[in-house]
Amino acid sequence: QMSSRFFPYDVIQTDAVLSLDEDTILNTDEVDFAFTVWQSFPDRIVGYPARSHYWDEAKSRWGYTSKWTNDYSMVLTGAAFYHRYYNFLYTHWLPEEARRLVDEGENCEDILMNFLVSHVTKLPPIKVTQKKQYKETMLQGNSKSSRWADPNHFSQRQTCMNGFVDLFGYMPLKRSQMRLDPLLFKDPVSNLRKRYRQLELV
């Protein structure tokens, strides 16, 4: 079941949980920098792949998009840090029907986690240094990552989103335009002066 991804397993002893999809590729600088940011915002989801929601006037329903824009409202848990306490809330506090939507559709667990965290904090997640090859990586290969190329994938996620809104009674997601980059990121100075040198090589 998809929801087992966020089960509060006893083996998880650290407050920080690094959530990765099986085909996610991050270098050590990316992991280190995201964790450093998370330490300053432990109540938020902090990570790389961002998505957004919008109100579709024509259909009178919420829409889901992965277009690269200046704002976002979700950070997918395919490459993100979050506090382990949210595993407890996801498993024991969320309505069972919400988890059923995830498990029956085998999709949307990351959207539901974003709904949960934004509902608790009333704040948006935090995106760190741009990672444009994330989506390209997901489209490669013939593993379950091929779902990202499935035209039904986004339709299913929009259906999930609207189902979650009904269960929550409102839209909890918050938009943000903030992105946190390391000091000197992309600055025209020697790479030797930069702590996270690998970030500009991805």
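The legends below describe close-up views of a predicted model, beginning with the whole chain and then turning to individual sites.

**View 1. Overall architecture of the predicted chain, with six helices and eight strands.** Read along the sequence, the secondary structure elements follow the pattern β-α-β-β-β-β-β-α-α-α-β-α-α-β. Of the 202 residues in the chain, 49% are buried, and the area that the chain exposes comes to about 10500 Å², with carbon and sulfur atoms supplying 51% of it. When contacts between residues at least 6 apart in sequence are considered, 77% of them join residues that are at least 24 apart.

**View 2. The open five-stranded sheet and the helix that lies across it.** The strands of this sheet are arranged in the order S1-S6-S2-S7-S8, and their pairing is mixed. Its edges are formed by strand S1 (16-20) and strand S8 (179-180), each of which pairs on one side only. At the S8 edge, strand S7 (residues 126-128) runs parallel to S8 and is joined to it by two bridges, and Lys 127 stands opposite Arg 179 of S8. Helix H1 (residues 28-40) lies across S1, strand S2 (46-47), strand S6 (79-83), S7 and S8, and its direction makes an angle of about 30° with S6.

**View 3. The disulfide between Cys 108 and Cys 160.** A disulfide is a covalent bond between the sulfur atoms of two cysteines. The structure holds one such link, formed by Cys 108 and Cys 160, whose sulfur atoms are 2.2 Å apart. The link is right-handed, with 80° about the S-S bond, and it connects distant parts of the chain, given that Cys 108 belongs to the loop between H3 and H4 whereas Cys 160 belongs to helix H6 (residues 151-168), 52 residues apart. Cys 108 counts as buried because its relative accessibility is 0%, and Cys 160 likewise counts as buried because its relative accessibility is 6%.

**View 4. Backbone conformation at Cys 108, in the loop between helix H3 (96-105) and helix H4 (109-121).** Besides forming the disulfide with Cys 160, Cys 108 has a phi near 80°, which is a positive value in a residue other than glycine.

**View 5. Backbone conformation at Ser 60, in the loop between strand S3 (50-56) and strand S4 (61-65).** Although Ser 60 is not a glycine, its phi is positive, at about 55°. Ser 60 counts as exposed because its relative accessibility, 52%, is over the 50% cut-off.

**View 6. The surroundings of Ser 118 in helix H4.** Ser 118 is buried, because its relative accessible area of 2% falls under the cut-off of 20%. A polar atom of the Ser 118 side chain lies 3.3 Å from the backbone oxygen of Leu 123. Leaving aside residues up to four places away in sequence, Ser 118 touches Leu 123, Pro 125, Pro 172, Leu 173 and Lys 174, so that Leu 123 appears both as a contact of this serine and as the residue whose backbone oxygen lies 3.3 Å from a polar atom of its side chain.

How values were computed:
Residues are numbered from 1 along each chain as its sequence is written. This is a predicted model: local features need pLDDT of at least 70, side-chain atom pairs count only at pLDDT 80 or more; totals for chains, interfaces and linings use all residues. Side-chain values use heavy atoms; hydrogens and water are left out. Helices (H or I, at least four residues) and strands (E, at least two) are DSSP runs, numbered from the N terminus. Buried means under 20% relative accessible area, exposed over 50%, partly exposed in between (1.4 Å probe, protein chains only). A polar contact is a pair of N or O atoms within 3.5 Å; within protein, one must be able to donate a hydrogen and the other to accept it, and residues adjacent in sequence count only if both atoms are side-chain atoms. Contact means heavy atoms within 4.5 Å. Two strands pair if DSSP finds at least two bridges between them. Axes are lines fitted to C-alpha atoms, for helices over the stretch in contact, and angles run from 0 to 180 degrees between N-to-C directions. A disulfide is a pair of cysteine sulfur atoms within 2.5 Å. Accessible areas come from the Shrake-Rupley method with a 1.4 Å probe; for residues, only the protein chains shown count as cover.
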